[in-house]
Amino acid sequence: MLDQVNATPSAHKRLPWNKGKLTGAKPPLRPKHVWSIRTKLQIEGRVRDLAMFNLAIDSKLRGCDVVAIRVEDVAAGGYTADRATVRQKKTGHPVRFELTEQTRQAVDDYLKAANKRPGEFLFTAHGGANGAMSTRQYARLVSEWIGSVGLDARLFGTHSLRRTKATLIYRRTGNLRAVQLLLGHTKIESTVRYLGIEVDDALAIAEQVDV
């Protein structure tokens, strides 16, 4: 009888925070997925989302750093620059990144449409407030973009955007040090884990080198 009184009903047991979610590293997007999302945002005239998506892919920044970007970080002179530097929140170290022509055009179009000025966050909070967009809102947008082209939004996330270009660069060049610098990792081991590099990858690169 005492055991029955002290027993905790199963209905009241705490559920793990990630119940029903797929955990583990989020894979990068494939180029065809990037183009599909980009095209869809263009067709729908979603100027802000297109600028944000393109900037996230090019910058290879974490979500917390994407939403913290200010106008002057990428467009100090009124137009989007070829390269930009942002200080990472996680490490406190600055990281530089390139901005492709299509990204610069998308950001310029957005700056004009939103009448953005230096000193302001590039992507502001929901409802038109002047504060930065939250990482949660950004994550919801990413899920929406991914789902809109028929991908399972549970499999991908904000880190998928961060990993996309870095993974392509590594696969095409095998230059791990370059990818480390672009991601802003302080240790090469972090880059190896982040890209999911296996022994087979290393051997494949080694086979391409003759001495």
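**Exercise 1. Read the order of helices and strands along the sequence of this predicted model.**

Solution.
- Step 1. Going along the sequence, the pattern is α-α-α-α-α-β-β-α-α-α-α-α-α.
- Step 2. The totals are 11 helices and 2 strands.
- Step 3. Of the 211 residues in the protein, 36% are buried.
- Step 4. Among contacts with a separation of 6 or more, 59% join residues 24 or more positions apart.

**Exercise 2. Work out how α2 and α3 are oriented to each other, and which residues make their contact.**

Solution.
- Step 1. Helix α2 covers residues 31-43, and helix α3 covers residues 47-59.
- Step 2. Their axes come within 9 Å and cross at roughly 160°.
- Step 3. An angle over 145 degrees counts as roughly antiparallel, and α2 and α3 are therefore roughly antiparallel to each other.
- Step 4. The crossing of α2 past α3 is left-handed.
- Step 5. From α2, the contact takes in Val34, Ile37, Arg38, Leu41 and Gln42; from α3, it takes in Asp49, Leu50, Phe53, Asn54 and Ile57.
- Step 6. Sorted by class, the residues of this contact are 6 nonpolar, 2 polar and 2 charged.

**Exercise 3. Decide whether Asn54 is buried or exposed, and list its contacts beyond its sequence neighbours.**

Solution.
- Step 1. Asn54 sits in helix α3.
- Step 2. The relative accessible area of Asn54 is 2%.
- Step 3. Buried means under 20% relative accessible area, so Asn54 is buried.
- Step 4. With neighbours within four places in sequence left aside, Asn54 is in contact with Arg38, Gln102, Thr103 and Ala106.
- Step 5. Arg38 also belongs to the α2 side of the contact between α2 and α3.

**Exercise 4. Determine how α3 and α8 cross, and which residues meet there.**

Solution.
- Step 1. The axes of α3 and α8 come within 7 Å, crossing at roughly 50°.
- Step 2. At this angle, α3 and α8 are therefore oblique to each other.
- Step 3. The crossing of α3 past α8 is right-handed.
- Step 4. On the α3 side are Phe53, Ala56, Ile57 and Asp58, which meet Leu161, Thr164 and Lys165 of α8.
- Step 5. The contact of α3 with α8 divides into 4 nonpolar, 1 polar and 2 charged residues.
- Step 6. Phe53 and Ile57 of α3 also take part in the contact with α2.

**Exercise 5. Describe the packing of α8 with α9, then place the buried residues of α10.**

Solution.
- Step 1. Helix α8 (residues 158-173) and helix α9 (residues 176-183) have axes 9 Å apart, at an angle of about 160°.
- Step 2. The two helices, α8 and α9, are therefore roughly antiparallel to each other.
- Step 3. The crossing of α8 and α9 is right-handed.
- Step 4. Arg162, Ala166, Ile169 and Tyr170 of α8 make the contact with Leu176, Val179, Leu182 and Leu183 of α9.
- Step 5. This contact of α8 with α9 has 7 nonpolar, no polar and 1 charged residues.
- Step 6. In helix α10 (residues 188-195), the buried residues are Thr191, Tyr194 and Leu195.
- Step 7. These cover an arc of only 85° around the axis, so they are on the same side of α10.
- Step 8. An α-helix has 3.6 residues a turn, so residues three or four places apart point the same way.
- Step 9. The buried residues of α10 pack against α8 and α9.
- Step 10. Gly196 follows α10, with a positive phi near 70°.

**Exercise 6. Characterise the surroundings of Val95.**

Solution.
- Step 1. Val95 lies in strand β2, residues 94-98.
- Step 2. With a relative accessible area of 2%, Val95 is buried.
- Step 3. Ala84 is 11 residues from Val95 in sequence and 8.4 Å from Val95 in space, C-alpha to C-alpha.
- Step 4. Beyond neighbours within four places in sequence, the contacts of Val95 include Leu61, Ala84, Thr85, Val86 and Gln88.
- Step 5. Val95 is also in contact with Leu181, Leu182, Leu183 and Gly184.
- Step 6. Leu182 and Leu183 belong to the α9 side of the contact with α8.

**Exercise 7. For Lys60 and Asn115, give the sign of phi, the location and the burial class.**

Solution.
- Step 1. Lys60 is not a glycine, but its phi is positive, near 60°.
- Step 2. Lys60 is in the loop between α3 and α4 (63-66).
- Step 3. The relative accessible area of Lys60 is 1%, so Lys60 is buried.
- Step 4. Asn115, also not a glycine, has a positive phi of about 55°.
- Step 5. The loop that holds Asn115 runs between α6 (101-114) and α7 (135-148).
- Step 6. Asn115 has 46% relative accessibility and therefore counts as partly exposed.

Technical notes
Residues numbered from 1 in each chain as written. Predicted model: local features only at pLDDT ≥ 70, side-chain atom pairs only at ≥ 80, totals over all residues. Heavy atoms only, no water. Axes fitted to C-alpha atoms, helices over the stretch in contact; angles between N-to-C directions. Helix = DSSP H or I, 4+ residues; strand = E, 2+ residues; numbered from the N terminus. Parallel < 35°, antiparallel > 145°, perpendicular 65-115°, else oblique. Left-handed = near helix turned anticlockwise from the far one by under 90°. Contact = heavy atoms within 4.5 Å. Nonpolar A, V, L, I, M, F, W, Y, C, P; charged D, E, K, R; others polar. Buried < 20%, exposed > 50% of the residue type's maximum accessible area, 1.4 Å probe, protein only. Arc of directions from axis to C-beta.
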